[in-house]
Each structure stands twice: as structure tokens, then as C-alpha cells.
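Thanks for making time this morning. I would like to walk through one model with you, going from the overall picture to a few individual residues.

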Amino acid sequence: MTGAGPTPQGEGREEGREREPGQDPFVPHPRDRAARGIPRSPLARNARLVSLPLGFAGRSAMRFGRRLLGQPVDLITSELQRRTSHHLFRVLGELKGGAMKFGQMLSVFEAALPPEVIGPYRAALTLLQEAAPALPAEQVHAVLTEELGARWRDRFTEFDDTPAAAASIGQVHRAVWEDGRRVAVKIQYPGAGEALLGDYAQLGRLVRLFSVVAPGLDVEPMLRELRERVADELDYRLEAAAQQAFADAYRGDKQILVPDVVTFTQRVLVTEWLDGTPVATVIRDGEQAERDRAGLLYARFLFSGPERAGRLHADPHPGNFRLLEDGRLGVIDFGAVKDLPDGFPPALGTLIRLAQGGEWAAAEEVLVKEGIITPGVPLDPVALASFLVPLATPTAEQTYRFTREWLREEVVQAVDLREGGLLRRFNLPPSYVLVNRVVGQATAVLCQLECEIPFRAEASRWLPGFTEEQPTGP
């Protein structure tokens, strides 16, 4: 990585392969990139993950030594975060599987970081994609033969062996289907299942490390949720059903497009190809009007999914959304979806409305009724307000401008609440866990966009319980 500085001694060293002068020790040797896909050996994967806390310990010792030599604490802390981010995301990218998936989930919280850390953090995130070597063509062909049959090439008029994108458990190839449609062929890495299960067990031991990269971010619930959804992620048949349900629900929509599914098996998914500008690119380079447009359609899709498709798109990473030339928002990747046949839980909209009116006693009743807090545990109204007001702030006025500064303030507030013990009294029911995570991640993406949108109107239209005339019960 350009500008990353020298690598701490002992990190990323691989046995049996002589490194060329100047080659980064974290990046697989060029001769190795074509020789393997996802690293499958549990011992090898665990060794790479174990290198993370070992490297952190070494950097911490170096930091202590520098403090003894009189270097400024702020400078040393920033250096520690930069080096840790660099090491963390490179290893997660190399391993793919659950490690890379977790890194992608962390990436949306970039807007919550202090300004001095954002640059190194973004640079490290880039490595999450660049450090993932592509699956060799012969292995791609082997998977297609096993899943689509020996004459799989007859199904395509064109197939590009060079992947167009690499993801955590699979990679995507451009192709042309037999009827002339341009398609995306998503192929699962061999060994992805074992990698996911092993990674989630090991990542749970690295909580302290993540707290250095993103202070104030509670990663344990995210890891727990990822472990619980392993089977769903690995079965592309479930993803195909979810994507087609969304495609049917939004067919003909003038603002949102979901590509149709062409064919699928358990490990191969073929869908119509979708061009456009990724929202991640809009975040980096977009003009304000483009940011506002992307933010509005992004929020509208996530809000409307439960009512229109009976499902919530549960992977709001900006790489899964793109602005099309005709102004619509295109949506891809439906591997993480939560069934919500009755729409959003009404308590969510109700709590936002009550917080706006300062009705803390009524809000406490809703929290108790939903099983979110234990009955009989007294709550300080001031602490309860501090917990709920951030949730209600974006809908207080007709329009709201999401900013990184606001999100950083809320992260600091969340840390204060956790240290004060308030959040320890909350027990989020399983039905709310994924919804809560999606709301948090989507808010972070809107803050990355720094967009100004009529957020209140979207909440009024799609959140049951937000307006008083709507029912607040199940």
C-alpha cells in the first residue's frame, strides 16, 4: 500500500517462499495468485488470523517504547491505528470467506471514525478487495461443470474467464446468456463453508483489535449474527428466490431496478447484468445532487422492501447499490435477506414518534412490551432520552442532512451509555437484531454520502407506528 510505512518485523511472513526486494509481505506472491483460490486449510487460516493480535502486541510494545522516548501520545496512537488497519484489512481480504465478509461489514462505519484516521482506514479497506486473489480459470470451469453440467458452455454465447468482481465467498464473471442477455455469473469458492465457520470462531477472539481500528464499535453482535446466517449465505438457491421476489415486487418501478434471475444452483447464480455507478463511487467522487439522489433512493429501497417484497435487504453495503444512467437505483446481492412478511416491527416507528414528543414513560412501556428491556428495572429518563433521541433526530424536520460529524458524536454518546451501564439492561430480541444492524449500517452509509433528503416523508410512508393514525400493535 502506498504510503503505508515500513512493516513491523515478523508480520505477514510466509515460509518457503523467497520474497522479491520491495515486495509487500502481506500480498500473496504473484506466482501464488494463479495457484490457489480461497485458502482452505483451517491451520493456515487460523495462523493468518492469529498473526493479527501478535502484530498488534508488537505494535503496542513499540508504542510504549516511543512514549518512553518522549513522542506525542496522539501521534503514536494515530500510527498504531494506521498500522493496525493496514494489517487487519489485508489479512481479511486475503482469506476471503467469513474474514472478508466481516471486513466488508465493518467498512460502512468508516464515517464514524475520527478525521485523522479516515485516510489510512480507507486505504486499508481498498486492500480488502485488492488482496483477494482470483479463483483460477480451471477451478471456475470445474465448479460450472459440477453445477451446470459438462456442456455448460452451450448455455452461454460468451464467457469471460477473468472475474469482474471478487466477494467474500464467491466471484462474479461477465457472460452472455444463450438468448443474448448480458449476465453476471456468481460462482462460489470451493471450501467457502469451512472457511466461514472457522473464521467466525477465530474472529471472536480479536475483539480488542477491532476496538483499536474503530473505537466505540461493538463488533460482538455482528459476529454472532454472521455465524447464525452461515447456511443461508452458502445456498445460492435461497439468494435466487430472494432476488427474484424483489425483482417481481419492483418490476416497472421508475426509481428502483432489481435484475431478474436467469438460472441458479446451490453454488452458481446467474442474473441479468447491471451497469451503473456504484454508490461507493458516489461517496468518493459524487456531486451533491448525485449524493442526494443516491441517498434518497437508497433509503426508500431499504424502507419499502418489507412492505413491497415482504423482505428486508440485509446487506446495505454501498457496493451493492448503483445509480443507473436513467436515474434509477440498481440493487444487487441478496445473499443476506430477512423475511418480514408483516413489514417493519411497529414498535420501531412508535419509538421514534414517542422520542420526538419526549414521551419517555410511553417509550419505556413499548420497550418493556417488546422484551427489549427487563420489566421492573428503573430507567433514568435522561439516559433513555440519550438512547432514543439519535434514532429520532433525522425525522424531526422535513429534510435532514446526514453528516460524518453527527455520526461521530452519536458513536461517542453510545460509548458513554455503554460505560454507564444503560445498554447492559437492554436485551434485543432475535426478531430485532438484524433490523437494528441494518438501520445502523444504512445510517452510516447516508452519513458517508453526506446527503440531504426528505427522510421524514420516507419514515411516514413506510414505518408502521410512526404516525399516530397507524396501528402500534403487532
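How many helices and how many strands does the secondary structure of the protein chain come to? The count is 19 helices and 14 strands, and I should say at once that this is a predicted model, so please hear everything that follows as computed from predicted coordinates.

Let me begin with confidence. The protein chain averages a pLDDT of 75, and 60% of the residues score at least 70. Over residues 52-78 the pLDDT is below 50, although this stretch still has 34 contacts in the model beyond near neighbours in sequence. Residues 470-474 are likewise under 50, and there the model has 13 contacts beyond four places in sequence. Where pLDDT is low, the predicted coordinates should not be read in detail.

Turning to the chain as a whole, buried residues make up 52% of its 474 residues. Its accessible surface comes to about 21,200 Å², and 53% of that belongs to carbon and sulfur atoms. If we take contacts between residues at least 6 apart in sequence, 72% of them join residues at least 24 apart.

Now to the region around strand S7, residues 268-272. Four of the five residues of S7 are buried, and the strand is therefore largely enclosed by the rest of the structure. S7 is joined to S4 by five bridges, the two strands running antiparallel, and within that pairing valine 185 stands opposite valine 270 in S7. S6 also runs antiparallel to S7, with three bridges between them, and here phenylalanine 264 has leucine 269 in S7 as its bridge partner. S6 and S7 form a hairpin, with three residues between the two strands.

That brings me to the charged pairs. Side chains of opposite charge can pair when their charged atoms come close. How many salt bridges does a search of the whole structure find? It finds 20, and I will pick out a few.

Consider arginine 267, which forms a salt bridge with glutamate 147, the closest N and O atoms being 3.2 Å apart. Arginine 267 sits in the loop between strand S6 and strand S7, while glutamate 147 belongs to helix H6, residues 137-148, so that the pair links distant parts of the chain, 120 residues apart. Are these two residues buried or exposed? Arginine 267 is buried, and glutamate 147 is buried as well.

A second pair involves S7 itself: the side chains of glutamate 272 and arginine 181 meet in a salt bridge, at 3.1 Å from N to O. Because glutamate 272 lies in strand S7 and arginine 181 in the loop between strand S3 and strand S4, this pair ties together parts that are 91 residues apart in sequence. Glutamate 272 is partly exposed, with a relative accessible area of 23%, and arginine 181 is partly exposed too, at 30%. Salt bridges that share partners also join Glu146, Glu147 and Arg267 into one network.

A further pair is formed by aspartate 285 and arginine 284, with 3.2 Å between the closest N and O atoms, and both of these residues are exposed.

Finally, let me describe another sheet. It is an open sheet of four strands in the order S5-S11-S10-S8, with mixed pairing. Strand S5 and strand S8 stand at the edges with a single partner strand each, so one side of each is left without a neighbour in the sheet. S5 and strand S11 run parallel and are joined by two bridges, and glycine 330 in S11 is the bridge partner of leucine 257. Helix H13, residues 288-309, packs on this sheet and touches S5, S10 and S11, its direction making about 135 degrees with that of S10.

One residue of strand S10 deserves a closer look, namely arginine 322. Why does arginine 322 count as buried? Its relative accessibility is 15%, and buried means under 20%. Arginine 322 and valine 279 are 43 residues apart in sequence, yet their C-alpha atoms are 5.1 Å apart in space. Leaving aside neighbours within four places in sequence, the residues in contact with arginine 322 include Leu274, Asp275, Thr277 and Val279, and also Arg328, Leu329 and Ile332.

Methods
Residues are numbered from 1 along each chain as its sequence is written. This is a predicted model: local features need pLDDT of at least 70, side-chain atom pairs count only at pLDDT 80 or more; totals for chains, interfaces and linings use all residues. Side-chain values use heavy atoms; hydrogens and water are left out. A salt bridge is a side-chain nitrogen of Lys or Arg within 4 Å of a carboxyl oxygen of Asp or Glu. Buried means under 20% relative accessible area, exposed over 50%, partly exposed in between (1.4 Å probe, protein chains only). pLDDT is the predictor's confidence in each residue, from 0 to 100. Contact means heavy atoms within 4.5 Å. Two strands pair if DSSP finds at least two bridges between them. Axes are lines fitted to C-alpha atoms, for helices over the stretch in contact, and angles run from 0 to 180 degrees between N-to-C directions. Accessible areas come from the Shrake-Rupley method with a 1.4 Å probe; for residues, only the protein chains shown count as cover.
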